[in-house]
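This report walks a new reader through a structure, moving from rings and charges to a pocket, a helix and a few loop residues. Please keep the sequence and the model in view while reading.

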Amino acid sequence: MMKQLPVKGVKIVRRLAKGRHYTYAYHRATGERLKAEAGTAQFFLEIDRLDKKALANAEANAPPGTLGALICAYRSPTNPDFANLAARTKEDYQEIFNYLQRIQDMPLRAIDAPAVLELRDRAFASNKRRYANYVVQVLRLLFAWGLPRRFGLAVNPAAGVPLIKRPRHLPKKNRAWKTHEKKAVLEALPIHVRWPIAIAMYAGLREGDLVGAPRTAWTGDAINIEAQRKTSHPHWMPASAELKAIWREYKAWLDEKKIVPMRLCVNSFGRAWTENGLRAVFFKKIRELLKTNAVDPGLTIHGLRHTIGRDVVDAGGDSRTAAAMIGDVSSAMGDHYSREADRRRRASDGARKITKFRAKEAAGERERNKIVEK
């Protein structure tokens with residue numbers, strides 16, 4: 001099995017002892033032997049743990065005045081700016097730090113705007129636009145943190161580096177769902193998938209919270225998340241009649257399968273969903289619905305947050321209401337999710353005013369014509 005399992009950073013060793021062949025693997029960067037069976041989930045978790053250990057060791061040994069030393073200081077448990085970040089944000093930052101490991105020995109004095117721009121473009125070539133922009137954003141934050149501290153930085157070299165603009169021809173990402181699409185998707189999904197999608201649809205949960213929320217987050221009358229994964233802020237949303245009806249179907253399915261879940265949402269095996277697993281099942285069904293024209297292209301789970309923002313504004317609500325319904329503290333995010341609906345409402349209001357004005361103008365013209373005829 002190991003012979004057919006090429007894994008980056010892992011060395012496969014084969015030995016012949018006492019007439020028997022032995023095969024094992026070890027982690028190149030740390031030199032530690034992997035204990036789990038190759039190809040299993042535990043095997044890859046062990047590799048991930050050792051990768052992180054190797055990165056931490058490398059950062060800790062980075063020469064002073066280098067990018068690695070700055071990252072190590074920023075990630076220190078004694079730095080409240082990093083320690084107080086939400087778990088999801090830490091993971092996102094760490095992904096960029098892992099990417100920057102290749103240049104961690106680069107002196108800070110050698111990093112200028114052209115160097116950051118080159119990093120951005122390399123990230124774009126290998127990981128596309130959003131990742132490349134995130135590399136720049138994390139570097140801006142990192143250098144801004146290091147400026148007032150003793151790292152010898154005179155300026156923030158990433159501050160003036162522009163982000164890559166989104167091509168205009170691309171379709172809108174995470175667009176709001178149409179009414180018929182919501183109905184078609186819910187009807188097509190099996191109940192163990194319909195339940196998490198319905199929670200996203202009616203309560204605005206992100207995918208990370210859908211798969212990570214405990215069973216106790218459902219009270220029967222509301223969804224109550226004590227700390228969202230991305231923001232660490234709580235989120236409470238009363239349950240609609242539609243969500244309660246889907247819960248009853250889901251509960252009947254759990255009872256039939258004799259599943260006592262620890263998580264709010266579980267897959268067909270009764271285990272907690274992963275984000276990738278939920279997306280894979282969801283998009284497989286979406287592809288099927290696209291073939292029958294039941295839905296239009298561009299549906300995503302995250303788009304349901306945009307849908308709530310749009311629907312709130314269409315119903316006469318404001319951005320603060322939209323933010324509360326999707327669990328955001330800042331009304332700026334409510335503005336983001338409800339902007340399209342707000343523009344549409346304003347355009348409709350403007351169209352009504354123009355129609356009324358033109359009708360009044362036409363009536364006045366008719367009256368003037370009557371006077372002239374007399």
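In this predicted model, Lys 90 lies over the face of Phe 82, at a distance of 5.5 Å from the ring centre. A second arrangement of this kind involves Arg 102, which lies over the face of Tyr 99 at 4.1 Å from the ring centre.

**Aromatic rings**

Phe 82 also belongs to an aromatic cluster, which it forms together with Tyr 74, Phe 97, Trp 145 and Phe 151. Over the whole structure, a search finds 14 aromatic pairs. One of them joins Tyr 74 and Trp 145, whose ring centres are 5.4 Å apart and whose planes stand at 80 degrees, so the pair is edge-to-face. These two residues come from distant parts of the chain, since Tyr 74 sits in helix α2 (residues 67–74) and Trp 145 in helix α5 (residues 113–146), with their positions 71 residues apart in the numbering. Tyr 74 counts as buried, because its relative accessibility of 2% falls under the 20% cut-off, and Trp 145 is buried as well, with a relative accessible area of 11%.

Another pair is made by Tyr 93 and Tyr 134, with ring centres 6.4 Å apart and planes at 45 degrees, so this pair is tilted. It too links distant parts of the chain, with Tyr 93 in helix α4 and Tyr 134 in helix α5, 41 residues apart. Is each of these two tyrosines buried or partly exposed? Tyr 93 counts as buried at 11% relative accessibility, whereas Tyr 134, at 25%, counts as partly exposed.

**The second largest pocket**

The second largest pocket has a volume of about 800 Å³. It is lined by 21 residues, of which Asp 48, Asp 51, Asn 98, Tyr 99 and Gln 101 are the closest to its centre. Two elements, α1 (41–60) and α4 (87–99), give two or more residues to this lining. By type, the lining residues divide into seven nonpolar, five polar and nine charged.

**Helix α7 and what follows it**

How far apart should the ends of helix α7 (residues 191–203) be? At 1.5 Å a residue, its 13 residues should span 18 Å, and the end C-alpha atoms are 17 Å apart, which agrees. Twelve of the 13 residues of α7 are buried, so this helix is largely enclosed by the rest of the structure. Among the buried residues are His 192, Arg 194, Trp 195 and Pro 196, as well as Ile 191 and Ala 203.

After α7 comes Gly 204, whose phi is positive, near 75 degrees. Arg 206 is found in the loop between α7 and α8 (207–212), and with a relative accessible area of 10% this arginine is buried. Arg 206 and Arg 229 are 23 residues apart in sequence, while their C-alpha atoms are 8.7 Å apart in space.

**Positive phi in residues other than glycine**

Most residues other than glycine have a negative phi. Ser 232 has a positive value, with phi near 70 degrees, and Lys 258, which is likewise not a glycine, has a positive phi of about 55 degrees. Both residues are in loops, and the table sets out where each one lies.

| Residue | Phi | Loop | Relative accessible area |
|---|---|---|---|
| Ser 232 | near 70 degrees | between β3 (222–225) and β4 (235–238) | 40%, partly exposed |
| Lys 258 | about 55 degrees | between α9 (241–257) and α10 (275–291) | 75%, exposed |

Why does Lys 258 count as exposed? Its relative accessible area of 75% lies over the 50% cut-off, and therefore Lys 258 is exposed, whereas the 40% of Ser 232 falls between the two limits of 20% and 50%, so Ser 232 is partly exposed.

Definitions and conventions:
Residues numbered from 1 in each chain as written. Predicted model: local features only at pLDDT ≥ 70, side-chain atom pairs only at ≥ 80, totals over all residues. Heavy atoms only, no water. 1 Å grid on protein atoms, 1.4 Å probe; cavity = no way out; pocket = protein on both sides within 12 Å on 5 of 7 lines; lining within 4 Å. Points joined across faces, edges and corners; volume = space filled by probe spheres on them. Helix = DSSP H or I, 4+ residues; strand = E, 2+ residues; numbered from the N terminus. Nonpolar A, V, L, I, M, F, W, Y, C, P; charged D, E, K, R; others polar. Phe/Tyr/Trp six-rings, centres within 6.5 Å; stacked < 30°, edge-to-face > 60°. Buried < 20%, exposed > 50% of the residue type's maximum accessible area, 1.4 Å probe, protein only. Lys NZ or Arg CZ within 6 Å of the ring centre and 35° of its normal. Expected span 1.5 Å × (residues − 1).
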